[in-house]
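Q: I am new to this structure. Please take a close look at one part, the nonpolar core, and then show me how its surroundings are put together.

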Amino acid sequence: MHVTIGVTERQRMVEALRESEAKFRLLFEKSPDAMLLLDGDVFIDCNQAAVEMMGCASKEELLSLRPYDISPERQPDGRLSVEKARELIDRAHREGSLRFEWVHRRMDGEDFSAEVLLTAIPLHDRQILHVSLRDVTERKRAEEALRESEANLRSLLEHAANFAVYRVAVDPSNPYAGKVVMVSPSIREITGISDPYHFESWFENIHPEDLTRAVEANRRAWERGEPYSQQVRVYHPQKEQWIWVHTASTPVFDAEGNLTHFNGLIVDITEQKRAEEELREREVQFRSIFESTSDAVLIFDFDGTIVEANPAACKMYGYSYEELIGLSGKDIARSDHYHIFEDFKRQVKAGGRFSAQSVDLRKDGSPIHIEVRGASFSYKGRPHLLAVVRDVTERVQASQILERCVEERTRELSTLLEVSHNVASTLELEPLLGLILDQLKAVVDYSGASILILEDESLAVLACRGPIPQEDTLRLRFPLERAPVNREVIRRREPVIIPDVRDDAPLARAFQQTAGEELETTFGYIRSWMGIPLMIRERVIGMLTLDHGEPDYYSSRQAELAMAFASQAALAIENAKLFEETRRRLAESQSLTRVTTALLQKLALGEVLDIVCTEAQELTGALGSTVFLLDKERGGWLRVAHSSGTASPDFDRMPIEGSLTGRVVREGKPIVSNDPAELAQGFGGGGEQPTALLAVPLRVKGSIIGALDMVSKPGGFTQEDVRISSIFAGQAAMAIENARLYEQAQELARVKERQRLARDLHDAVTQTLFSASLIAEVLPRLWERNPDEGRRRLEELRQLTRGALAEMRTLLLELRPSALAEANLSELLRQLAESITGRARVPVSVGVEGECALPPEVKVALYRIAQEALNNVAKHAAASQATVSLRCLSPHPSPTREGGGVELRISDDGRGFDPQGVPPESLGLGIMRERAEAIGAALRIKSQVGQGTQVVVAWPSPKRET
């Protein structure tokens with residue numbers, strides 16, 4: 001019987017407990033206050049109000065956090081949140097209940113004040129804490145605002161200076177009788193009123209001209225409950241002068257709408273009135289300076305809004321005047337420089353001067369570096385902020401470039417010095433990676449370690465140390481989307497430590513997910529894990545991983561050491577990569593330089609084309625190459641200029657339309673094809689079809705002259721081949737064009753020389769021989785009639801034939817220029833004189849003094865100058881005679897020997913000319929000057945109208961001319 005009763009009682013107690021638990025659960029879930037259950041420092045349950053209060057996405061997210069995870073690092077008293085939270089939790093367990101205020105942090109980073117109630121409750125034979133949170137942020141703010149308001153009012157009344165605050169109560173039974181219930185002591189100093197609490201005395205000393213207006217405004221305020229605002233003159237008995245005051249009152253009504261009192265302010269505005277007059281005078285001066293200055297001038301109100309701007313500001317920022325007015329300073333400042341604008345407002349508002357550099361934005365969004373100077377400024381009777389802005393973009397950019405260069409060089413030198421002691425002993429990547437891991441073990445011990453490089457959103461293992469076989473590790477690749485623990489290291493850009501990879505913490509679960517099925521096999525030895533990002537200039541290039549067989553092995557201090565080492569390791573790895581890239585580019589540059597030098601040394605088109613094809617194969621590894629040039633005879637076609645190697649075309653022309661090479665010419669950009677099927681359709685022609693094709697345009701001064709094909713590279717062509725061959729094609733096109741122009745110039749020179757010789761032969765020798773033939777025909781008959789005349793004509797015939805012979809010899813020298821350098825200069829001058837005598841019938845005498853052993857180029861230049869001077873005598877001088885004089889100044893003249901050299905003088909007695917009237921473009925005189933300058937000789941031309949001409953050449957040029 002007692003047993004039955006006991007069981008029934010127990011069932012009743014169980015039912016009561018269940019009912020109590022259900023009520024607790026309902027209260028827990030529906031409570032508007034945030035509630036959580038805390039076991040140790042782990043949340044085991046929470047209600048929806050807590051999730052919403054903390055800004056979490058879900059209940060699970062909140063339960064994954066610790067109390068100090070939802071708190072700032074430190075509480076308002078300066079203590080670390082994690083330390084203080086643990087102390088309060090322990091105290092709540094001891095005392096059973098604890099209420100306190102705490103600053104929490106929501107998931108979006110916002111801090112708020114909360115009232116926290118911790119209550120110890122039993123659960124499954126152990127004690128947990130029930131946590132109740134209530135956001136008291138608004139209450140705290142209201143209390144603080146109330147305290148500040150009371151303090152401000154008290155300070156305002158007691159410390160008012162240059163102004164007075166007052167309150168005048170209204171008696172409902174006598175609405176026209178006011179009673180001063182509160183007034184600042186400063187009202188006596190401002191107005192000179194002896195008894196400020198006697199309201200009627202306020203009107204005793206008002207200026208007669210202002211009294212009626214003041215009384216009327218006061219009456220309307222009392223009758224209608226209108227605000228009162230007046231500026232009046234008041235006589236100050238102590239100062240014995242009229243002062244200006246501004247009185248403003250605001251009516252206050254009770255809940256029933258009855259007027260109860262006025263709150264007012266009295267301000268001495270005497271100086272303001274005086275300043276207003278001065279301001280009006282200065283306004284004109286200011287406006288003139290404001291409009292004409294080249295610096296941007298902006299006027300802001302105290303809220304930071306632009307209220308005035310000069311034309312320079314509109315131009316600098318790219319806004320019209322209407323667009324600029326009304327913008328905030330933050331509208332034209334770059335977001336990362338907002339704080340400078342706030343400093344400007346704060347400092348200038350405080351009455352100080354401001355000077356700083358910042359970055360603003362133009363209307364189009366482009367940055368503009370500025371130097372701004374600011375000061376407080378009275379504008380339209382109110383205080384404003386004045387900013388004078390100067391565009392220093394060019395100066396800043398130049399400085400930044402210089403700083404970057406200096407910083408880069410300094411960082412490189414510093415890195416070399418530091419890394420030289422550990423990981424910079426080699427620039428070869430593979431041994432460097434092993435050295436990094438060996439050096440790392442001396443800094444932070446590990447059971448296993450690896451270096452991973454970030455490539456295309458995946459981490460690839462480059463090197464490893466530890467119990468896992470290297471051949472197994474190096475095959476590992478971790479896509480970031482399936483490796484959350486690695487992704488967390490990359491995202492945070494700071495070390496990540498997992499004390500124990502086997503526990504239930506979020507990071508431990510992330511490690512378990514990353515390891516997958518190999519958690520118990522390959523990675524079974526790991527208990528502690530640390531990941532360190534490898535970073536270069538804020539760019540993550542990979543990560544280091546360290547693991548250990550002991551849990552809780554790695555500390556924050558070890559993480560700092562590993563991070564410092566990782567920075568050096570990342571730089572060393574990057575340097576090794578750059579070294580490999582530089583070495584490859586250097587080899588490439590040397591090859592291009594060698595090819596360019598070879599091309600520029602050749603002027604024969606065939607040799608140039610052969611070098612182009614051969615070196616194109618060498619640079620790209622192609623088995624064959626062909627140069628195609630535009631066919632000038634057949635439009636729309638390319639002709640094969642040269643080819644080499646295998647797979648050479650068996651055709652001499654290719655159509656531009658319908659061929660891959662023709663497409664290069666049409667579009668002006670390279671084409672790569674490693675598809676034999678495509679090549680069979682688009683390569684054109686017969687013969688052996690290429691297995692791969694790289695074609696690049698040959699371009700000279702923006703115009704395409706053809707294309708360069710490279711074919712059949714084993715493995716196909718790459719984008720690197722495209723880059724290097726495009727660079728090479730530019731040099732090749734220039735060399736080809738130079739060779740073509742050289743051939744054209746040679747052919748043109750030959751044609752011009754033939755034309756000149758034919759013209760000289762016709763103008764000189766032919767006419768001379770024609771004259772000689774006429775004299776020879778009439779000479780027999782003339783001799784019979786007049787022997788003396790016959791002998792004279794016979795002498796003339798002899799001179800003509802000698803002149804024709806000399807002219808022919810001169811022309812023969814033109815055909816064989818080397819003969820000029822070999823002949824004696826005096827003989828050349830005599831032959832030249834005879835040719836002129838025969839041609840122009842002007843006697844030319846030649847005089848030579850001394851022996852002249854001259855360099856070939858000097859001899860040729862003197863001969864040409866004499867030839868040009870005598871041609872001018874024959875054509876223009878109308879002279880009766882001319883003289884050529886050659887005087888050698890030393891048996892062995894030399895430019896370095898004092899007194900050595902030669903003087904050539906050509907004189908005539910012709911009509912002469914005015915040297916000052918000869919145009920600068922005169923061809924004959926210009927040619928003589930150029931030839932003299934070429935050998936370092938001095939040329940002087942003396943002439944006067946009607947007194948002949950004299951040309952003097954002295955070689956070498958005299959030390960000082962007279």
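A: Two residues are in contact here when their heavy atoms lie within 4.5 Å. Keep in mind that this is a predicted model.

Start with the core. The largest nonpolar core has 34 residues. Leu-862 and Leu-904 have the most contacts inside it. Which elements each supply at least two of its residues? There are three helices: H25 (825–840), H26 (856–877) and H27 (923–934). There are also three strands: E29 (882–888), E30 (902–908) and E32 (949–955). H26 gives the largest share, 10 residues.

Now zoom in on Leu-904. Leaving aside residues up to four places away in sequence, Leu-904 touches Leu-829, Leu-862 and Ala-866. Leu-904 also touches Val-884, Ser-885 and Leu-886. Val-951, Val-952 and Val-953 complete the list.

A second core lies apart from this one. That core has 29 residues, among them Leu-546, Phe-565, Ala-572 and Ile-573. Take Phe-565 as a way in. Phe-565 sits in helix H18 (residues 556–600). Is Phe-565 buried or exposed? Its relative accessibility is 8%, so Phe-565 counts as buried. Phe-565 also has a partner far off in sequence: Val-443 is 122 residues away along the chain, yet the two C-alpha atoms are separated by 8.0 Å.

H18 also carries a charged pair. The side chains of Glu-560 and Arg-557 meet in a salt bridge, with 3.3 Å from N to O. Both residues are in H18, and being 3 residues apart puts about one helical turn between them. The reason is general: an α-helix has 3.6 residues a turn, so residues three or four places apart point the same way. Glu-560 is partly exposed, at 49% relative accessibility.

Helix H22 (residues 719–785) repeats the spacing: Arg-723 and Glu-720 are 3 residues apart there, about one turn of the helix. Their closest N and O atoms are 2.5 Å apart, in a salt bridge. Arg-723 counts as partly exposed, at 26% relative accessibility. Glu-720 is partly exposed too, with 27%.

How many salt bridges does the structure hold? The count is 47. One of them joins Arg-362 and Asp-391, at 3.6 Å from N to O. Arg-362 lies in the loop between strands E13 (354–361) and E14 (367–379), while Asp-391 is in strand E15 (residues 382–391), so the pair ties together parts that are 29 residues apart in sequence. Arg-362 is partly exposed, at 24%, and Asp-391 is partly exposed at 35%. Salt bridges also form a network that links Glu-216, Arg-219, Arg-220, Arg-224 and Glu-226.

Next, helix H17 (residues 506–515). Its buried residues are Ala-508, Ala-510, Phe-511, Thr-514 and Ala-515. Why do they sit on the same side of H17? Because they cover an arc of only 155° around the axis. Their cover includes helix H16 (484–492) and strands E18 (477–479), E19 (496–498) and E20 (528–536). Just after H17 comes Gly-516, with a positive phi of about 65°.

Strand E22 (residues 624–630) gives another view of the interior. Of its 7 residues, 6 are buried, so the rest of the structure largely encloses E22. E22 pairs antiparallel with strand E27 (residues 703–711) over 6 bridges. E22 is also joined to strand E23 (residues 637–645) by 7 bridges, again antiparallel. Phe-628 shows both pairings. Its bridge partner in E27 is Ala-707, and in E23 Phe-628 stands opposite Val-640. E22 and E23 make a hairpin with 6 residues between them. Gly-636, in the turn, has a positive phi of about 85°.

Last, the cysteines. The disulfide count comes to 0. Cys-46 is in no disulfide, and the nearest cysteine sulfur, that of Cys-56, is 7.8 Å away. Cys-46 is buried, at 0% relative accessibility. Cys-464 is buried as well, at 4%.

Note on methods
Residues numbered from 1 in each chain as written. Predicted model: local features only at pLDDT ≥ 70, side-chain atom pairs only at ≥ 80, totals over all residues. Heavy atoms only, no water. Buried < 20%, exposed > 50% of the residue type's maximum accessible area, 1.4 Å probe, protein only. Helix = DSSP H or I, 4+ residues; strand = E, 2+ residues; numbered from the N terminus. Arc of directions from axis to C-beta. Core = buried A, V, L, I, M, F, W, Y, C linked by side-chain atoms within 4.5 Å. Disulfide = S-S within 2.5 Å. Pairing = 2+ DSSP bridges. Salt bridge = Lys/Arg side-chain N within 4 Å of Asp/Glu carboxyl O.
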